[in-house]
Structure formats: structure tokens, C-alpha cells
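The exercises below are meant to be worked with the sequence and the coordinates open side by side. Each task is followed by a solution that proceeds step by step.

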Amino acid sequence: MLIGNVGKEPEVRYYEPDQAVASVRFATTERGYTLQNGTKVPDHTDWHNLVFYRKLAKVVEQYVHIGDKLYVEGRIRYRNYDDQRGVRHYVTEILVENMEMLSVKAKPGDEAQKPARQAPQDGQAPTEKLPF
């Protein structure tokens, strides 16, 4: 299982009229920290190749975009291929079996439904303007 962000718009291909496969570049970041001796260890980001099949690929095509935060579960697949020059390439992919979208999307008109803040007057604490 991984939690991270989509780094590039999904690439979706149909291999039959109703069967799809989606590929997504996915970044996970391990937060940096400071050791007891004061040494700072910076953030470390790893990039992964996610692969979605069938119905999940269609969901990705419709709803997943660059920058979205996802929780994914799957299994690792290793494969290799030779390019046109005969150079062998090794690929590691995560075949996604389950996904949850963690990004909160604002719906059109949501801003009008949120209570507006009033500016504080005469040292008072800020108050919320209720919509009724």
C-alpha cells in the first residue's frame, strides 16, 4: 500500500472496445528529519509506475488528474524488454487492485455555501457570518 501524488496526467489505452489499461506516474515522499547531532536529512521522493486495468482504469480516466493524492493497494510486477537498438530495459510496476482518492475536490458553487468571515471590530475575536 502506498499514499502519494499523481505526477502526470494518466495515460489510458483501450485494448478492446470496453477494456482499458491506465498508466500513472506516482510520487511518494518520505519526510526529512533532524538527527540528534543536528544533521538534517532532507525529504526523499520515489517515483512509481502504477497500472490500472478494466473498471478501475475507467475510474482513473474520469476522475484522476495530476496532483491528486491517492491511496493504492496492489502487487509489484517486474518485466523487461529490448528496444529497437537491442538495449534491455527493466521496468518495475505496481498493478493496482484497490484505490481510494484522498484529494478533496471543491464542487462548483461550494464557495457560496461556505460561511464568510467578518473582520473583527474593536478588538473582538473574528466571528463567522452564518448563512441564515
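**Exercise 1. Find the side-chain partner of threonine 39 and describe the surroundings of this residue.**

Solution. Begin with the side chains, where a polar contact of 2.8 Å links threonine 39 to asparagine 37; the model is a predicted one, so this distance is a computed value. Next, place the residue along the chain: threonine 39 sits in the loop that runs between strand 4 (33-34) and strand 5 (40-41). Then look beyond the neighbours up to four places away in sequence, where threonine 39 touches Tyr33 and Thr34. Finally, consider the solvent: the relative accessible area of threonine 39 is 39%, and because partly exposed covers the range between 20% and 50%, the residue is classed as partly exposed.

**Exercise 2. Decide whether aspartate 68 is buried or exposed, and list what surrounds it.**

Solution. First locate aspartate 68 in the loop between helix 1 (54-63) and strand 7. The relative accessible area of aspartate 68 is 4%, and since the limit for a buried residue is under 20%, aspartate 68 counts as buried. Its side chain reaches a backbone atom, namely the nitrogen of histidine 65, at 2.8 Å. When the neighbours within four places in sequence are set aside, the contacts of aspartate 68 are Gly4, Asn5, Val6, Tyr63, Met101, Ser103 and Lys105.

**Exercise 3. Work out which side chain makes a polar contact with that of threonine 28, and how accessible threonine 28 is.**

Solution. Threonine 28 belongs to strand 3, and its side chain makes a polar contact of 2.8 Å with the side chain of histidine 48. Histidine 48 also appears in the contact list of threonine 28, which leaves out neighbours within four places in sequence and includes Leu2, Ile3, Gly4, His44, Thr45 and Asp46 as well. With a relative accessibility of 12%, threonine 28 is buried, because this value falls under the 20% limit.

**Exercise 4. Examine the backbone of arginine 54 and state what is notable about its phi angle.**

Solution. Start from the general expectation that most residues other than glycine have a negative phi. Arginine 54 is not a glycine, yet its phi is positive, at about 50°. The residue is placed in helix 1, and its relative accessibility of 48% makes it partly exposed.

**Exercise 5. Describe asparagine 80 and valine 87, and say where each is placed.**

Solution. Asparagine 80 lies in strand 7, whereas valine 87 lies in the loop that joins the region between strand 7 and strand 8. Not counting residues up to four places away in sequence, asparagine 80 touches Arg88, His89 and Tyr90, while valine 87, on the same basis, touches Tyr81 and Asp82. A further distance can be checked between C-alpha atoms: those of asparagine 80 and threonine 92 are 8.7 Å apart, with the two residues twelve places apart along the chain. Both are then classed by accessibility, with asparagine 80 partly exposed at 40% and valine 87 partly exposed at 37%.

**Exercise 6. Characterise the largest pocket by its volume, its lining and the elements that build it.**

Solution. The largest pocket holds about 240 Å³ of space. Its lining consists of 16 residues, and those closest to the centre are Glu11, Ser23, Val24, Asn49 and Glu93. Sorting the lining by class gives eight charged, six nonpolar and two polar residues. At least two lining residues come from each of strand 2 (11-16), strand 3 (19-30), strand 6 (44-53), strand 7 (69-82) and strand 8 (88-101).

**Exercise 7. Summarise the chain as a whole: how many helices and strands does it have, and how much of it is buried?**

Solution. Counting the elements gives two helices and ten strands, and their order from the N terminus is β-β-β-β-β-β-α-β-β-α-β-β. Of the 132 residues in the chain, 20% are buried. The chain exposes about 10300 Å², of which carbon and sulfur atoms supply 51%. As a last step, consider the contacts between residues at least 6 apart in sequence: 54% of these join residues at least 24 apart.

Key:
Residues numbered from 1 in each chain as written. Predicted model: local features only at pLDDT ≥ 70, side-chain atom pairs only at ≥ 80, totals over all residues. Heavy atoms only, no water. 1 Å grid on protein atoms, 1.4 Å probe; cavity = no way out; pocket = protein on both sides within 12 Å on 5 of 7 lines; lining within 4 Å. Points joined across faces, edges and corners; volume = space filled by probe spheres on them. Helix = DSSP H or I, 4+ residues; strand = E, 2+ residues; numbered from the N terminus. Nonpolar A, V, L, I, M, F, W, Y, C, P; charged D, E, K, R; others polar. Buried < 20%, exposed > 50% of the residue type's maximum accessible area, 1.4 Å probe, protein only. Contact = heavy atoms within 4.5 Å. Areas by Shrake-Rupley, 256 points an atom, 1.4 Å probe, with all protein chains shown as cover. Polar contact = N/O pair within 3.5 Å; in protein donor to acceptor, adjacent residues only side chain to side chain.
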